[in-house]
Amino acid sequence: MTNREQALQQLSEELLQVNEVLTPEEALTWVEVLWEDFEATLARAGEKYQGEAVAFHFVEQQIKQHGAMLHRFNTTNEKFKHLMTGRNVE
């Protein structure tokens with residue numbers, strides 16, 4: 001297991017601690033999407049990549065701020081739509 005895989009697993013476990021609605025697979029997917037979206041946003045903005053520690057910290061902050069409600073996230077964005085399939089967003 002690589003450091004990134006370990007970090008993603010740790011973050012998904014943190015997410016599961018604050019959100020009892022998500023399955024372990026959904027929690028891991030959310031963490032991966034948040035991580036990748038953060039890195040892509042930096043790249044599009046032309047920012048220098050500051051390493052996985054910065055991405056880890058960002059995702060951890062998102063979990064602390066929004067993790068309990070991620071199962072209620074509703075969007076038409078295709079990138080996130082698979083996370084809402086079959087999910088009651090009320």
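The axes of helix 1 (residues 3–18) and helix 2 come within 8 Å and cross at roughly 120°, where axes are lines fitted to C-alpha atoms, for helices over the stretch in contact, and angles run from 0 to 180 degrees between N-to-C directions. Helix 1 is therefore oblique to helix 2, a word for angles outside the classes under 35 degrees (roughly parallel), over 145 (roughly antiparallel) and 65 to 115 (roughly perpendicular). The model is predicted, with local features needing pLDDT of at least 70 and side-chain atom pairs pLDDT 80 or more, while totals for chains, interfaces and linings use all residues. Residues are numbered from 1 along each chain as its sequence is written, and side-chain values use heavy atoms, without hydrogens and water.

Residues of helix 1, including L8, L11 and L15, meet residues of helix 2, W30 and W35 among them, contact being heavy atoms within 4.5 Å. Helices are DSSP runs (H or I, at least four residues) numbered from the N terminus.

The largest pocket has a volume of about 170 Å³; a pocket is an open set of points on a 1 Å grid, fitting a 1.4 Å probe, with protein on both sides within 12 Å along at least five of seven lines, and lining residues have an atom within 4 Å of a point. Of its eleven lining residues, W30, L34, D37, Q62 and L70 lie nearest the centre, and helix 2 gives the most to the lining, with five residues.

| Site | Nonpolar | Polar | Charged |
|---|---|---|---|
| Helix 1 with helix 2 contact | eleven residues | one residue | three residues |
| Largest pocket lining | seven residues | three residues | one residue |

Ala, Val, Leu, Ile, Met, Phe, Trp, Tyr, Cys and Pro count as nonpolar, Asp, Glu, Lys and Arg as charged, and the others as polar.

Key:
Grid points are joined across faces, edges and corners, and a volume is the space filled by probe spheres set on the points. Helices (H or I, at least four residues) and strands (E, at least two) are DSSP runs, numbered from the N terminus.
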